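Here are some exercises to work through with the structure beside you. Try each task first, then read the solution.

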Amino acid sequence: MNNAKTDHIGNNTNTRKRKRNQNAPQDCGVRQLDAKTEGCAGNFQRQKEMRSNSHVANGLLNCTFLPKFRQTEMNQVNETSVKLESDFFQSLSRLAEHYKIEPFVQSEQFRFPYNINLALSDIKGKLKKNVLNWDSVRFNKENDKFYLVSEERYDTGATLFYIPVIPLFRMLGDKKRKKAAHLLLSVFSYLYHIADIPYYRQEGSYLYYEYEMLKDWILDDPYEEDEEDEDHRLSEIDYAEWVGDKIEQKIYNRENLVFFDQRIVRFKPKDDFDTGCLMLARKTLAIYREYPDASIFRNASSMFDEDEEYLEDQIIPMEKYISFYADNKGWLAGTIFESVNNQFQEYSETQEPALIKCFDGQEIESKDLSFEKRLFDLLHDITDLIYDYRQLSNEQQ
């Protein structure tokens, strides 16, 4: 991405491209995707107490039953099994050391394959309890080598992380909020340049296509009878495009990042909303300083299966549910959300930030998903703040 130039976006014919991955309904934008839920009503009355006619031993309740294996599995204790068992516990030791947890203690009482099954069950429980964002662990085979593979994944919660820009445009024209708006300009500039969040006025972005498709649909609809209604919808789209271009020109200016710290130091909050803007700016600057080059897509999970087939029809890519967009109010916003939700219902999975660590004897990087958690929390905070501004604006009218 060439960000060194200072040309205005409106005069730049080359659109900004999102960086490739290095590795494999709230208001104001962050909204839950549609989902069907089912539940059962509980019965809070106690069941009638029943007793057996004779005294029986309760020893059965104190027994622990080992998993059942087929006889053929039990007969496969050969050289391969010995190597599998040895590789497994070596890999388990590396995993436990990496995550700083106590490994499973072997016992002569449980031999192969029960010891592996018990060890896996034990380590899964400890990982779930002690490792933030831990998702799964599996036993992998590569050539003649066996090893454990752990996956950490940040759960985005089937949420649309869409950040509206029209409220910021209005804040910039609000004399009472102009200084606070400049703080948000720095925040938005960080999200645009560093976190690499797509912008809906960039050709090639998912929401650019959605807005264009909606506009074409209105213009080409042969059944449209109400010209006034058509004009209203087209004017809403045109306004979204115009404001989008204006705001992109502003956040494209890297001076928003150069003077980020000075804006924070000089800002004197006058009410709770100003204080919220200041806290948000400080949080953003702290992330920027600690992760100066980190993109939100840096640890995006793979879009390919084991056969290297691209699963574009099965997995929702992150750039489709994370973006700047026009606004969350009005006919246009409702139609966009409806279109996006309808499309996403056809997918079975969601691409999310993930780390896959192979405990095969090679060095494991000390990486985690702390950056991703902080950044997604920041996106929630931004939309909450914009919601607060809307509330204040409505009170003033």
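## Exercise 1: Confidence

**Task.** Find how many contacts beyond four places in sequence the model has for residues 69–77, and see where else pLDDT is low.

**Solution.** Start with residues 69–77: pLDDT stays under 50 there, and the model has eight contacts beyond four places in sequence for this stretch. Keep in mind that this is a predicted model. Next, take the chain as a whole: its mean pLDDT is 82, with 76% of the residues at 70 or more. Then turn to residues 35–52, where pLDDT is below 50 and the model shows zero contacts beyond near neighbours in sequence. Finally, a reading tip: predicted coordinates should not be read in detail where pLDDT is low.

## Exercise 2: Two helix pairs

**Task.** Work out how α5 lies relative to α10: roughly parallel or roughly perpendicular? Then do likewise for α6 and α12.

**Solution.** Two packed helices are described by the angle between their axes and the distance between the axes.

Begin with α5 (residues 178–193) and α10 (residues 272–290), whose axes are 9 Å apart at an angle of about 25 degrees. Angles under 35 degrees count as roughly parallel, so α5 is roughly parallel to α10. Their crossing is left-handed. On the α5 side the contact is made by A180, L183, L184, V187 and Y190, while residues including L278, A281 and I287 take part from α10. Sorted by class, this contact has eleven nonpolar, one polar and one charged residues.

Now look at α6 (residues 206–220) and α12 (residues 330–344): the axes come within 11 Å and cross at roughly 115 degrees. The range 65 to 115 counts as roughly perpendicular, so α6 is roughly perpendicular to α12. Here α6 passes α12 in a right-handed crossing. Among the residues that meet are Y206, L207 and M213 in α6, and W331, L332 and F344 in α12. By class, the contact of α6 with α12 has eleven nonpolar, three polar and one charged residues.

## Exercise 3: An aromatic pair

**Task.** Locate Y99 and F359, and say how many residues apart they are.

**Solution.** The structure holds 23 aromatic pairs. One of them joins Y99 and F359, a tilted pair with 6.0 Å centre to centre and 55 degrees between the planes. Y99 is in helix α2 (residues 79–99) and F359 is in strand β8 (residues 354–359), so look for them 260 residues apart, in distant parts of the chain.

How values were computed. Residues numbered from 1 in each chain as written. Predicted model: local features only at pLDDT ≥ 70, side-chain atom pairs only at ≥ 80, totals over all residues. Heavy atoms only, no water. pLDDT = per-residue confidence, 0-100. Contact = heavy atoms within 4.5 Å. Axes fitted to C-alpha atoms, helices over the stretch in contact; angles between N-to-C directions. Helix = DSSP H or I, 4+ residues; strand = E, 2+ residues; numbered from the N terminus. Parallel < 35°, antiparallel > 145°, perpendicular 65-115°, else oblique. Left-handed = near helix turned anticlockwise from the far one by under 90°. Nonpolar A, V, L, I, M, F, W, Y, C, P; charged D, E, K, R; others polar. Phe/Tyr/Trp six-rings, centres within 6.5 Å; stacked < 30°, edge-to-face > 60°.
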